[in-house]
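User: I have a model open and want the reasoning behind its labels. Take me through them one at a time.

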Amino acid sequence: MGFTADIIIWDVEARQLLHRLQLQKVKIQALSFSADESMLASLGGQDDNSLVLWDVASGEAICGSPTHQDFVLCCRFFNNQPDKLMTCGNYNLQIWTYDRANNKLRPEDVKLGNLQRQFRSLVIDQQDRFAYAGSTTGDVMQVSLEHALLRNTGPGKHPLQLSVTAATETPAGTILLGSGDGTLALLSTEAEPNPANPKQLKKLPVLTSIRLEGGITSIKIDPGSGKAVPLGRNPTGGGIAYTAYIGTDKCNMYRVAYDPINNKLSEDVVQTAHPDKIFGLAFPANYGEVFATCSAGGIRVWHLAGCRELLRISLPNLDCKCVTFAPDGKTIISGWSDGKIRGFGPQSGKLLYTIDDAHHKAVTAIAVTSDSNRIISGGEEGMVRVWRLGKQSQTMEASMKDHKGPVNCIVVKASTDDECVSASSDGSCIIWDLNAGRRRQSLFANTFFLSVVYHPDESQLVTAGTDRKITYWDAYDGQAIRIIDGSDQAQLNALATEPDGEALLSGGSDKLVKLWGYDEGRCWYVGVGHSGEVTALAVAPDKSAVVSVGAEGGIFIWDYMRPPMSQAE
């Protein structure tokens, strides 16, 4: 609040910043380039409430004007007249003309009669004859730009649900509409006359529609599409086949093709991603081609090389807090916000078993012994529990209550399967005897421990937490060996060791992924890319890549670079 918002004009080919424009306050709501690309229109948010024209070549403001007193959301330049543009928002729809002689923007209200709408999308046809404004009530206003007058409305008796959130014109001259409930509809721009009253037009009809997952946020026609085909019995599409790319608020990208012969839209998924914070990440044992992530609503399994989603396990209204693979590869084991542990088939996604009431609160950490016979789970209430897996049953072997805060991470000593380490927000890491079900050793520090890992030879432990330190501990006597600064300003959320033990990786709230030489304790490489805090890290078992996940829902795949053997190298 109180600061100006940036507009950055980039040179796409050179990948360089050309101009940084600062004038409007707090937020930039919308941008639009003029037809000849000489001007840029920017629309401020509620705190600014102004429309400004900028000179693209010089980066200087040309002129500006206050917008409608109600909230304005969209702006669009005309396609053939560089001195005209249109805005829309809550109960306002205006055409603006740039008066070059007096250097002023002059608005004209579109006459909508008694209709009142909150507009959320706007598209202007290629001939600048009509504009189509989509509203929160699910209908579209067809406006004559020459007379600034409402011409028609559509669809008819069945408006789109959850508002018209996106719209664009197709090569055939029809309008492709997207709604908040995922409906993609093709709207005709021609209303059929009413035989009983020729002067009265019907509503603009929907030609065809499909349903996608998630509310539609953006629609872009592939500029290389738009091929004329022989017309079939239903030539309503204009005889032009084209392709559009659709983005949704569930982080799905679709490729949608229109078939004018059958008047049909068909879709296929191009890419998917998590729409929410990712809590956990895991690779199968000794297999680096796939990995699993967990987030709000479920688990996804990804192909590493293709960056494609292979499997989705969904449980609505639940958060999957942690995930791991059984070492035998037969089960994906996960902990959930309802306190249950669930096992799924790694290929089918079928639910294999559920451990009810595994913890009183959420299951926040999970690990499996190397023989795949026991699960060690940690809960938000501080309990660490050991579960024996049978062919038809899951029984609790031990329940250990020494932590006074949430258990954030658990790792098992894989060589013997008789020991595990739990890291907690109570400032302690506890080494547990799994056979006796009791504590062997405790590590204490003035921090919330968020992650712990064994060195591959299991002689040392490495911890990280809110104190921004990476601490090496002797696994036998629990003494601190080395403490290094993992970050200058932010907590560390995740650690991972490379299978040979020559490198250590860290990630935290500074949004950076760092690769450290394990023995030197020096940071050799820094990965910059996340726009949210890094929540989990993993190195592929074959060392082909490093995968990091973040609070913004991003999954980043990095090339693994071996740290130099010495400073000279």
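User: What makes β32 and β33 a pair?

Analyst: Two strands pair if DSSP finds at least two bridges between them. Strand β32 and strand β33 (residues 374-379) share five bridges. That meets the cut-off, so they are called paired. The sense is antiparallel. One bridge sets V368 opposite its partner I375 in β33.

User: What kind of model is this, and how are residues numbered?

Analyst: This is a predicted model, in which local features need pLDDT of at least 70, side-chain atom pairs count only at pLDDT 80 or more, and totals for chains, interfaces and linings use all residues. Residues are numbered from 1 along each chain as its sequence is written, and side-chain values use heavy atoms, with hydrogens and water left out.

User: Why is β32 described as mostly covered?

Analyst: Buried means under 20% relative accessible area, exposed means over 50%, and partly exposed lies in between (1.4 Å probe, protein chains only). In β32 (residues 363-368), six of six residues are buried.

User: Which residue takes a positive phi in the hairpin of β32 and β33?

Analyst: S372, with phi near 65°. The hairpin has five residues between its strands.

User: What makes β15 largely enclosed?

Analyst: Five of its six residues are buried, so the rest of the structure largely encloses it. β15 also pairs with strand β16 (residues 175-179), antiparallel, over five bridges. A167 has L177 in β16 as its bridge partner. These two strands form a hairpin with five residues between them. In that turn, G173 has a positive phi of about 90°.

User: How many bridges join β13 to β14?

Analyst: Five, between strand β13 (residues 140-144) and strand β14 (residues 149-154), which run antiparallel. V143 stands opposite L150 in β14. The hairpin they form has four residues between the strands.

User: What makes the phi of A148 worth a remark?

Analyst: Most residues other than glycine have a negative phi, and most peptide bonds are trans. A148 is not a glycine, yet its phi is positive, about 50°. A148 sits in the loop between β13 and β14.

User: Is A148 buried or exposed?

Analyst: Buried. Its relative accessible area is 1%, and the cut-off is under 20%.

User: Which residue other than glycine has a phi near 70°?

Analyst: R468, and the value is positive. R468 lies in the loop between β41 (460-465) and β42 (469-474).

User: Why is R468 called partly exposed?

Analyst: Its relative accessible area is 32%. That falls between the buried and exposed limits, so R468 is partly exposed.

User: Where is the cis peptide bond that has an omega of about -10°?

Analyst: It joins G154 and P155. P155 is found in the loop between β14 and β15 (164-169).

User: Why does S348 count as exposed?

Analyst: S348 has 53% relative accessibility. Exposed means over 50%, so the label fits. S348 lies in the loop between β30 (341-344) and β31 (351-355).

User: How do you know that C409 is in no disulfide?

Analyst: A disulfide is a pair of cysteine sulfur atoms within 2.5 Å. The structure holds zero disulfides. For C409, the nearest cysteine sulfur is that of C429, 8.3 Å away. That distance fails the cut-off, so no disulfide is assigned to C409.

User: How do C409 and C523 rate for burial?

Analyst: C409 is buried, at 14% relative accessible area. C523 is partly exposed, at 30%.

User: How many helices and strands does the protein have?

Analyst: Zero helices and 50 strands. Both are DSSP runs, numbered from the N terminus: helices are H or I over at least four residues, strands are E over at least two.

User: What percentage of the protein's residues count as buried?

Analyst: Of 569 residues, 52%. The C-alpha atoms fill a box of roughly 90 × 55 × 40 Å, taken along the principal axes.

User: How many charged side chains, positive and negative, does the protein have?

Analyst: There are 53 positive and 64 negative side chains. Lys and Arg count as positive, Asp and Glu as negative; His and the chain ends are not counted. The centres of the two sets lie 6 Å apart, each charge being placed at NZ of Lys, CZ of Arg, CG of Asp or CD of Glu.
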